[in-house]
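Colleague: Could you take a close look at one part of this model for me? I am new to this, so please explain each term as you go.

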Amino acid sequence: QVQLVQSGGGLVQAGGSLRLSCAASGRDFSGYAMAWFRQAPGKGREFVATINPASTYTYYTDSVKGRFTVSRTNAEKTVYLQMNSLKPEDTAVYSCAAKTGGATTSIYDYHTWGQGTQVTVSS
């Protein structure tokens with residue numbers, strides 16, 4: 001079982017960039033699919049991006065396509081979310097998550113979660 005610790009996030013103006021990191025401890029990180037989800041104030045948690053264990057497949061929610069990039073370094077047991085051209089509607093608490101097997105978009109498939117990090121985009 002992995003444990004996930006997030007870093008990054010903060011306050012940025014619209015159009016700016018941030019990078020989130022999610023570092024895993026434990027064994028077999030290379031066997032886990034990873035994903036990012038976010039939860040805006042007053043809303044439910046929504047899928048943002050996912051990457052499969054071998055980094056050969058990524059998938060994004062429509063609202064972030066072309067702006068966000070998910071990547072991972074298995075040797076360093078870390079997954080990243082590079083966020084460019086940020087918009088005020090991207091403001092949310094972002095969480096990374098892990099699951100065994102292939103990458104999916106459902107929160108119910110992910111069994112291990114990071115602590116969450118706030119991203120605030122000002123207009």
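**Strand β5 and its surroundings**

Modeller: Start with one facing pair: Ala-49 sits opposite Tyr-60 in β6. This is a predicted model, where local features need pLDDT of at least 70 and side-chain atom pairs count only at pLDDT 80 or more, while totals for chains, interfaces and linings use all residues. Residues are numbered from 1 along each chain as its sequence is written, and side-chain values use heavy atoms, with hydrogens and water left out.

Some terms come next. Strands are DSSP runs of E with at least two residues, numbered from the N terminus, as are helices (H or I, at least four residues). Two strands pair if DSSP finds at least two bridges between them.

Now β5 itself. It covers residues 45-51, and five of its seven residues are buried. Buried means under 20% relative accessible area; exposed is over 50%, and partly exposed lies in between (1.4 Å probe, protein chains only). β5 pairs with β6 (residues 58-60) through three bridges, in the antiparallel sense. The two form a hairpin with six residues between them. In that turn, Ser-55 has a positive phi of about 65°. Ser-55 counts as partly exposed because its relative accessibility is 37%. Its C-alpha lies 20 Å from that of Val-5, and the two residues are 50 apart in sequence.

β5 has another partner. Strand β4 (residues 32-39) pairs with β5 over six bridges, again in the antiparallel sense. Arg-38 has Glu-46 in β5 as its bridge partner. Five residues separate β4 from β5 in their hairpin, and Gly-42 in the turn has a positive phi of about 75°.

Arg-38 and Glu-46 turn up again at the largest pocket. Its volume is about 190 Å³. Of the 13 lining residues, the closest to its centre are Arg-38, Ala-40, Lys-43, Glu-46 and Glu-89. The lining has seven charged, four polar and two nonpolar residues. Here Ala, Val, Leu, Ile, Met, Phe, Trp, Tyr, Cys and Pro count as nonpolar, Asp, Glu, Lys and Arg as charged, and the others, Gly among them, as polar. How is a pocket found? On a 1 Å grid over the protein atoms alone, a pocket is an open set of points with protein on both sides within 12 Å along at least five of seven lines; a cavity is a set where a 1.4 Å probe fits but cannot get out, and lining residues have an atom within 4 Å of a point. Grid points are joined across faces, edges and corners, and the volume is the space filled by probe spheres set on them.

Follow β4 onward to β9. Eight bridges join these two strands, which run antiparallel. Trp-36 has Cys-96 in β9 as its bridge partner. Seven of the nine residues of β9 are buried, so the strand is largely enclosed by the rest of the structure. β9 also runs antiparallel to β11 (residues 117-122), with three bridges, and Val-93 stands opposite Gln-118 in β11.

Cys-96 has one more link. Cys-22 and Cys-96 form a disulfide, with their sulfur atoms 2.0 Å apart. Cys-22 lies in β3 and Cys-96 in β9 (residues 92-100), so the pair ties together parts 74 residues apart in sequence. A disulfide is a pair of cysteine sulfur atoms within 2.5 Å. The link is right-handed, with 65° about the S-S bond. Both Cys-22 and Cys-96 are buried.
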